[in-house]
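Welcome, and thank you for taking a look at this one with me. Here are a few points to read alongside the structure.

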Amino acid sequence: QYIAFQLAYTDIRGGMSIGLATTLLTIGGTVLAILIQPTMGSISDHAVTRWGRRKPFIVVGSLLDVVFLLGIANSQTLIALGAFVMLLTFSTNIARGPFQGYVPDLVAEAQVGTASALVGMMQIFGNVAGLVLANLAAILGNLPLALFAVAAVELVTMASVVLGVGNGMPPKPRVGRSWLTIAAETWGTDILLERSYLWLLASRLCFLTAGGVLFAYVTVFLRDVFGMTQAEAGMTNLVLEAAVVLGNVLAILPASRISDRIGRKPVIYAACAIGAGGAATAALAPAVPVAILGGALFGAANGIFLAVDWALLTDIIPRASAGRYMGLSNVATGSAPLLAAAIGGLVLDAAGTAISPAAGARVAFLVGVVLFGLAAVLLRPVVEPPRVVPVPVGAAA
């Protein structure tokens with residue numbers, strides 16, 4: 001959101017179109033996320049330290065994040081902004097791969113559904129906190145203030161993990177292999193045998209990319225469709241985010257419980273349908289209140305998806321290699337906003353040039369509808385493990 005305001009309302013683009021500038025800023029970050037996150041997750045599966053196998057990576061990545069966030073806040077040119085965005089992508093993925101493997105280390109199988117809902121809720125709160133900070137900073141006319149606040153929050157949460165969370169599962173044995181060999185094994189062809197896992201990743205990528213388009217270009221949408229200033233867009237974004245959060249919070253826990261009873265896939269299909277409806281409603285909205293309604297529908301879809309997709313992923317992967325598999329899965333999570341910015345930006349520029357800026361923004365949002373549909377199609381080949389139904393004590397006796 002911070003970068004969206006920078007590109008839409010400052011001279012940092014140097015005359016370059018918004019879509020192209022956003023695309024250029026994301027290409028390098030996408031490649032880094034794909035390479036670094038799963039590799040570091042796999043390395044952490046085997047790491048032996050007094051802090052356990054995950055914490056050292058989280059500490060190093062978080063500290064570097066703070067440095068590069070401050071660099072972004074002080075960037076005055078597109079080249080500097082792009083360089084620090086790439087460095088931030090590098091550092092955050094050092095922490096993210098091991099961190100995503102950390103949660104399955106700590107959660108018992110019977111608690112996966114509940115844990116999935118909590119993981120999803122914390123992701124929502126984190127995303128919304130960042131968005132709110134960016135919009136408040138835009139309203140106050142001090143955009144770097146948002147990144148200073150994000151850096152402070154990251155330091156506090158990193159410290160809470162290191163000081164307050166157990167070390168998790170023991171490391172996998174290295175069996176004399178070098179770290180370079182272990183890093184290379186992250187990309188071993190054995191992963192191709194996990195067909196359900198691969199289809200689920202493809203579905204996850206499309207779903208998250210669809211939502212990423214809405215987040216990446218909501219500022220441009222409000223400016224070009226409804227003619228808002230930076231301050232007006234910031235205020236409206238806060239209302240939109242409140243609608244998204246409300247939809248998320250109302251949907252996330254019921255979705256988790258329903259998925260425990262009827263399975264994960266039917267609930268994810270429902271999330272895709274609701275998400276497509278929300279994206280279409282926002283894209284075609286004749287007035288701001290209708291766009292806010294679309295945001296609420298998208299929020300409900302996002303909450304359902306976050307509650308259930310993580311649980312299905314945890315059901316499928318081997319726990320001992322959680323860093324590797326969760327790292328690879330979060331290539332989709334980390335790449336989705338970047339791909340969304342690139343795909344949406346190209347569509348925004350093309351339709352905006354051919355028709356009008358307002359039409360370009362609407363067509364970019366309609367791309368989300370297509371991506372939600374594709375996410376549902378790609379989910380079909382996933383084979384869901386059977387539900388583990390607890391046996392009552394009397395019946396067991």
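1. A word on terms before we start: a residue counts as buried when its relative accessible area is under 20%, as exposed when that area is over 50%, and as partly exposed in between. Please also keep in mind that this is a predicted model.

2. Let's begin with a pair of neighbours in the sequence. Asp 224 has a relative accessible area of 22%, so this residue is partly exposed. Arg 223 is partly exposed too, with a value of 24%. The side chains of Arg 223 and Asp 224 meet in a salt bridge, at 2.9 Å from N to O. The structure holds 10 salt bridges.

3. Another set of charged residues deserves a visit. Asp 45, Arg 53, Arg 54 and Asp 105 are joined into one network by salt bridges that share partners. The next two points take some of its contacts in turn.

4. One contact in this group is between Arg 53 and Asp 45, whose closest N and O atoms are 3.8 Å apart. Are these two residues buried or exposed? Arg 53 has a relative accessibility of 1%, so it counts as buried. Asp 45 is at 2%, and therefore counts as buried.

5. Asp 105 and Arg 54 form another salt bridge, and here the closest N and O atoms are 3.0 Å apart. This pair links distant parts of the chain, with the two positions 51 residues apart in numbering: Asp 105 belongs to helix 4 (residues 78–106), while Arg 54 sits in the loop between helix 2 (18–46) and helix 3 (55–73). Arg 54 counts as buried because its relative accessibility is 0%. Asp 105 is buried as well, with a relative accessible area of 10%.

6. While you are at helix 4, follow it along its length. Helix 4 has 29 residues and reaches 42 Å from its first C-alpha to its last, which is close to the 42 Å expected at 1.5 Å a residue. Where does helix 4 bend? The bend is at Asn 93, and amounts to about 30 degrees.

7. Finally, have a look at Val 175, in the loop between helix 6 (144–164) and helix 7 (179–185). The phi angle of Val 175 is near 55 degrees, a positive value in a residue other than glycine. With a relative accessibility of 70%, Val 175 counts as exposed.

Technical notes:
Residues numbered from 1 in each chain as written. Predicted model: local features only at pLDDT ≥ 70, side-chain atom pairs only at ≥ 80, totals over all residues. Heavy atoms only, no water. Salt bridge = Lys/Arg side-chain N within 4 Å of Asp/Glu carboxyl O. Buried < 20%, exposed > 50% of the residue type's maximum accessible area, 1.4 Å probe, protein only. Helix = DSSP H or I, 4+ residues; strand = E, 2+ residues; numbered from the N terminus. Expected span 1.5 Å × (residues − 1). Bend = angle between axes of the 7 residues up to and from the residue.
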